[in-house]
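Q: Please pick one part of this model and take me through it slowly, as you would for someone in a first year of study. After that, please follow the chain outwards to other places that deserve a careful look.

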Amino acid sequence: MKSLGLYAHFPFCPCRCPYCGFTVVTGKDDLHERYATALCNELEAIARLAPAEGLASVFFGGGTPTRLEPRLLERILTTVRASQGIAVGAEITVEANPGTTDAARYADLRQIGFNRISIGAQSFFDQGLRLLGRDHTAADALGAFRASRKAGFDNVNLDLIFSIPGATDEDWRRTLDVVVDLRPEHISTYALTLEEGTSFQRRARSGDLPVVCEDDDACQYIGGLERLTAAGYEHYEISNFALPGRRSRHNWAYWTGGEYLGVGVSAHRYVDGRRSWNTKDLPDYLARVEAGSSPTEGGERLDPVAATSERVWLGLRTCEGVKLGRVEREGLAAKKRLADLVRGGFVQLEGARMKLTGKGIPVADAVSVEIVTVIEDLARDAQRGPDPPVP
């Protein structure tokens with residue numbers, strides 16, 4: 001039986017962070033009730049796409065889901081249960097912003113049925129938070145974590161950002177020290193990226209924002225990796241660390257080719273080999289759903305070459321690597337490019353699996369590009385078939 005997850009997107013935020021490239025809106029609190037109704041309607045329109053045993057995971061993300069009142073989140077989660085079903089023991093996650101959620105709200109979230117919470121702490125020093133344009137302080141982030149524990153959450157993720165312009169390596173080390181002392185079950189660490197169309201990208205282009213160089217970025221990444229693994233966290237994906245048995249089941253499905261549904265503005269879904277996505281425009285999304293129309297904006301079925309490339313790219317990001325088919329193994333074995341990567345200590349082959357080494361992980365993107373290029377060539381050769389015999 002296939003395992004299926006569900007992602008629900010909530011675009012509402014108190015302000016737009018200058019680095020954020022997600023679909024978010026500000027100053028639209030009057031639309032909360034209407035949006036919750038639209039989500040419920042969309043869920044009912046795709047009823048029972050999940051397997052008989054129900055969804056394996058549910059993830060309320062954004063944006064800031066906790067901008068909505070608990071009663072609205074409860075109504076949506078109830079609709080998920082009624083329309084799709086949720087498997088016994090499923091992972092049910094909600095994202096929270098330390099600046100918008102008080103202690104009572106965490107207790108409400110736990111009572112509603114969420115059993116995992118992801119807190120956007122980002123940093124544990126105030127200067128870094130100001131540089132990021134966040135609306136909370138380090139004390140708020142600490143208070144949010146403690147409130148989640150008091151509410152009964154025993155599966156907590158903390159999101160962190162490194163390579164913050166104007167911050168120092170010592171600032172990053174202090175943040176890591178605080179997090180290790182807190183001992184959350186899961187930690188996600190992301191290098192600050194300059195997303196297209198963001199305030200940070202415009203400032204960087206104009207020379208108004210100092211950009212962290214690649215060497216400093218790699219140094220902070222490796223420092224975080226070493227600090228967290230030494231503290232007992234499994235580095236199971238390029239940006240993610242977990243205590244034993246506490247990987248994010250929902251995100252693990254993304255990285256390993258699992259299928260998932262998506263509802264809400266800009267949400268994506270991947271079912272039966274087809275990927276599709278909703279409109280990014282909130283008024284358009286609401287109008288379509290309220291008219292009984294589909295909010296789907298587009299879709300695609302990946303061709304075999306693209307599907308293989310994506311499988312390899314995502315698999316290499318994980319600690320388990322990617323499983324290669326016989327033709328891929330034999331084809332790669334004859335390629336000098338792969339031999340150079342293995343000889344250089346960036347990649348290792350273990351039976352049918354290919355993994356990045358400790359040396360390869362910090363330069364994962366560059367190494368993956370090399371490998372995917374070879375894999376794509378092999379896939380195209382397989383599609384073309386053998387050359388015709390020479391007369």
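A: A residue is called buried when its relative accessible area is under 20%, exposed when that area is over 50%, and partly exposed when it falls in between. With that cut-off in hand, and keeping in mind that this is a predicted model, we can begin with strand 5, where nine of the eleven residues are buried, so the strand is largely enclosed by the rest of the structure.

What does strand 5 pair with? Strand 4 and strand 5 run parallel and are joined by five bridges, and in one of the pairs Phe-60 has Val-94 of strand 5 as its bridge partner. In general, the strands of a sheet pair through backbone hydrogen bonds, and the pairing can be parallel or antiparallel.

Between strand 4 and helix 2 there is a loop, and Gly-63 is found in it. Gly-63 is joined to Gly-62 by a cis peptide bond, with an omega of about 20 degrees.

Helix 2 itself covers residues 70-83, which makes 14 residues, and from its first C-alpha to its last it reaches 20 Å, close to the 20 Å expected at 1.5 Å a residue. Its buried residues are Pro-70, Leu-72, Leu-73, Ile-76, Leu-77, Thr-79, Val-80 and Ser-83. Those buried residues pack against strand 1 (4-10), helix 1 (32-45), strand 4 (55-62), strand 5 (86-96) and helix 3 (103-112), and in this way the two strands we began with appear again as neighbours of the helix. Just after helix 2, Gly-85 takes a positive phi of about 85 degrees.

Helix 1, one of those packing partners of helix 2, also leads us to an open space in the model. The second largest pocket has a volume of about 200 Å³. It is lined by 14 residues, of which Glu-42, Ala-45, Ile-46, Ser-294 and Pro-295 are the closest to its centre. Helix 1 and strand 12 (268-271) each supply at least two residues of this lining, and helix 1 provides the largest share, three residues. Sorted by character, the lining of the second largest pocket has seven nonpolar, five polar and two charged residues.

A space of another kind turns up elsewhere, for a search of the whole structure finds one cavity of 30 Å³ or more. Thirteen residues line the largest cavity, and the closest to its centre are Phe-125, Ile-161, Ile-164, Ala-167 and Trp-172. The space in this largest cavity comes to about 60 Å³. Strand 7 (156-162) and helix 6 (169-182) each supply at least two lining residues, with helix 6 giving the most, three residues. The lining of the largest cavity divides into six nonpolar residues, six polar residues and one charged residue.

Beyond helix 6, in the loop that leads to strand 8 (186-191), we meet Arg-183. Its phi is near 60 degrees, a positive value in a residue other than glycine, and at 35% relative accessibility Arg-183 counts as partly exposed. A second residue of this kind is Ser-266, which has a positive phi of about 70 degrees although it is not a glycine. Ser-266 lies in the loop between strand 11 (259-263) and strand 12, and with a relative accessible area of 13% it is buried.

Further along, Arg-275 is part of strand 13 (residues 274-278). Is this arginine buried or exposed? With a relative accessible area of 12%, Arg-275 is buried. Leaving aside residues up to four places away in sequence, it touches Tyr-260, Arg-269, Tyr-270, Gly-299, Glu-300, Leu-302 and Glu-310. Arg-275 and Leu-182, by comparison, are 93 residues apart in sequence and 38 Å apart in space, C-alpha to C-alpha.

We can end with another sheet, to set beside the parallel pair of strand 4 and strand 5. Three strands form an open sheet in the order 15-17-16, with antiparallel pairing. Strand 15 (322-323) and strand 16 (347-350) are the edge strands, each of which pairs on one side only. Two bridges hold strand 15 and strand 17 (residues 353-356) in the antiparallel sense, and within strand 17 it is Arg-353 that serves as the bridge partner of Lys-323.

Notes
Residues numbered from 1 in each chain as written. Predicted model: local features only at pLDDT ≥ 70, side-chain atom pairs only at ≥ 80, totals over all residues. Heavy atoms only, no water. Helix = DSSP H or I, 4+ residues; strand = E, 2+ residues; numbered from the N terminus. Expected span 1.5 Å × (residues − 1). Buried < 20%, exposed > 50% of the residue type's maximum accessible area, 1.4 Å probe, protein only. Contact = heavy atoms within 4.5 Å. 1 Å grid on protein atoms, 1.4 Å probe; cavity = no way out; pocket = protein on both sides within 12 Å on 5 of 7 lines; lining within 4 Å. Points joined across faces, edges and corners; volume = space filled by probe spheres on them. Nonpolar A, V, L, I, M, F, W, Y, C, P; charged D, E, K, R; others polar. Pairing = 2+ DSSP bridges.
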